[in-house]
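Work through the exercises below with the model open in a viewer. Each task is followed by a solution in steps.

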Amino acid sequence: MHQILIVDDNAIERQGLAFLIHKYEMPLAVHQCANGKEALAYLREHPVDILLSDIRMPLMDGVSLIEEVARNFEQVICVVISGYGDFDYAQRVMKCGVQHYLLKPVDLSEFAAVMESVIDTLKRIEQNQQRSEALLQGERLFAQQRRQMHFARALLNKKSVAGDFDAAGLLPRPHHFHLVRLAFEGSFFDRHDERFEEILKRHLGDSYISLIMNESEGLVLVAQDEKPCMDKVQDIAAALRDLAGAHCTVKISPSFPSLNELYDVWKGMQAEDEEADPPDGPIGAEQLTLIDRVKEYIAKHYARDIGLEEIARQVFLSPGYLSQLFKSVAKQSLIKYITAYRLERARELLSDESLRVQEVGRLVGYPNPSYFSIVFRNNTGMTPAEYRRRQGI
């Protein structure tokens, strides 16, 4: 509801104007002051959309008040109400941008028409602000997607990328870069992708680009020097653990001076993952059979929300041991395998022109269309729609 401040030293006239606003059911919350000095004090402490002021008042008259409002409260629409003898005053307030001037005694129909006009003006201002905010939000989203696209392509292609990032103005230019990998036990990003971005923004400002790789893994390219980066990443990890209510493993690459090294840094981190935590002893036929059962279960249930804990229960193993065993046998993590399997099925379904992209996402286990697009793009370098166009579908 919009706020109107009525300023008049005559209490009866103030209350009469407030009564008319109520009588005509105008969508206005009414506030009252007895003079310009009191009104200025109110304006400094409270939001006001409309100022309805008399001219002749003690301490500070309406002209001085409106001149102050024009200088310091430009968003306030002023309406002047005064007598026939105040024409000189009226000329002064008109120079301050006042467009509505009511004469005493107030004509009811004229008062209603002026207030309706002012309320319509406020509505148009709000609509324009909403359109501007929507446009700005769209521009920010486009810029974020552009940054993420460059990031994804850099991870998939060893070609020089520093020029691409610099030309696009995608990151500030510090002395060092770091690649940060965040991995959760179980799904996280399909439920908390927006909060993830909020936490990154709060701690890193504009000096990062993020990529969601799958339900449990995300990457962050940070453009900051080493010491502040390490401290901030630990704060981010703590905030994410609190949000997820689950353990979050953080791996930070050594600093590297050029984005041309990004591909090699990422491949090095992947190689470390593949070598980490193998199960003790040789892998026998029984363990291989277990992994086959896991893959069969994924093939049957990939279209719904499945994760490490559920699959571990199916083969009577602890989640930790299954994770290690699967990585040792399949040479990739279980979550990455599920993601790859879903995306392979997605590529097959995208060849069917009768299916919309969002239907394809739902059929392969991604009911959120935007999340499906993010995962597909981050793993293939293109959106599902772009994939279809390149395939001539």
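The exercises cover two sheets, two helix pairs, cysteines and some individual residues of this predicted model.

**Exercise 1. Give the strand order of the sheet that contains S1, and state which strands stand at its edges.**

Step 1. The open sheet has 5 strands, in the order S2-S1-S3-S4-S5, and the pairing is parallel.

Step 2. Strand S2 (28-33) and strand S5 (100-103) each have a single partner strand, so one side of each lacks a neighbour in the sheet; these are the edge strands.

Step 3. From one strand to the next, the twist averages 20 degrees.

Step 4. At the S5 edge, strand S4 (residues 77-82) runs parallel to S5 and is joined to it by 4 bridges. Within this pair, Val 79 is opposite His 100 of S5.

**Exercise 2. Find which strands of this sheet are touched by helix H1 and which by helix H3.**

Step 1. Helix H1 (residues 11-23) packs on the sheet and touches strand S1 (2-7), S2, strand S3 (50-54) and S4. The direction of H1 makes about 180 degrees with that of S2.

Step 2. Helix H3 (residues 62-72) lies across S1, S3 and S4. Its angle to S3 is about 160 degrees.

**Exercise 3. Describe the sheet that contains S7 and the helix H7 that lies across some of its strands.**

Step 1. Here 4 strands form an open sheet with antiparallel pairing, in the order S7-S8-S6-S9.

Step 2. Strand S7 (208-212) and strand S9 (248-252) are the edge strands, each pairing on one side only.

Step 3. Direction ignored, neighbouring strands of the sheet are turned by 15 degrees against each other on average.

Step 4. The antiparallel pairing of S7 with strand S8 (residues 217-222) extends over 5 bridges. For Ile 212, the bridge partner in S8 is Gly 218.

Step 5. Helix H7 (residues 189-204) lies across strand S6 (178-184), S7 and S8, and runs at about 170 degrees to S7.

**Exercise 4. Classify the packing of H13 against H15 and name the residues that meet.**

Step 1. Two packed helices are described by the angle and the distance between their axes.

Step 2. The axes of helix H13 (residues 334-350) and helix H15 (residues 369-380) come within 11 Å and cross at roughly 100 degrees.

Step 3. Angles from 65 to 115 degrees count as roughly perpendicular, and H13 is therefore roughly perpendicular to H15.

Step 4. On the H13 side, the contact involves Thr 339, Leu 343, Ala 346, Arg 347 and Leu 350. Their counterparts in H15 are Phe 372, Val 375, Phe 376, Asn 379 and Thr 380.

Step 5. By class, the residues of the contact of H13 with H15 are 6 nonpolar, 3 polar and 1 charged.

**Exercise 5. Repeat the analysis for H10 and H12.**

Step 1. Helix H10 (residues 285-301) packs with H12 at an angle of about 95 degrees, and their axes are 10 Å apart.

Step 2. H10 and H12 are therefore roughly perpendicular to each other.

Step 3. H10 contributes Gln 287, Leu 288, Ile 291, Val 294 and Lys 295 to the contact, and H12 contributes Tyr 321, Leu 322, Leu 325, Phe 326 and Val 329.

Step 4. The contact of H10 with H12 has 8 nonpolar, 1 polar and 1 charged residues.

**Exercise 6. Decide whether Arg 345, Cys 33 and Cys 78 are buried or exposed.**

Step 1. Buried means a relative accessible area under 20%.

Step 2. Arg 345, in helix H13, has a relative accessibility of 17% and therefore counts as buried. Leaving out residues up to four places away in sequence, Arg 345 touches Tyr 302 and Val 364.

Step 3. Cys 33 is at 3% and is therefore buried. Cys 78 is at 11% and is also buried.

Step 4. The structure holds 0 disulfides.

**Exercise 7. Locate Glu 25, Lys 331 and Pro 105, and describe their backbone geometry.**

Step 1. Glu 25 is in the loop between H1 and S2. Although not a glycine, Glu 25 has a positive phi of about 55 degrees. At a relative accessible area of 70%, Glu 25 is exposed.

Step 2. Lys 331 is in the loop between helix H12 (319-330) and H13. Its phi is near 65 degrees, a positive value in a residue other than glycine. Lys 331 counts as exposed, at 54% relative accessibility.

Step 3. Pro 105 is in the loop between S5 and helix H5 (108-156). The peptide bond from Lys 104 to Pro 105 is cis, with omega near -10 degrees.

Conventions. Residues numbered from 1 in each chain as written. Predicted model: local features only at pLDDT ≥ 70, side-chain atom pairs only at ≥ 80, totals over all residues. Heavy atoms only, no water. Pairing = 2+ DSSP bridges. Helix = DSSP H or I, 4+ residues; strand = E, 2+ residues; numbered from the N terminus. Axes fitted to C-alpha atoms, helices over the stretch in contact; angles between N-to-C directions. Contact = heavy atoms within 4.5 Å. Disulfide = S-S within 2.5 Å. Buried < 20%, exposed > 50% of the residue type's maximum accessible area, 1.4 Å probe, protein only. Parallel < 35°, antiparallel > 145°, perpendicular 65-115°, else oblique. Nonpolar A, V, L, I, M, F, W, Y, C, P; charged D, E, K, R; others polar.
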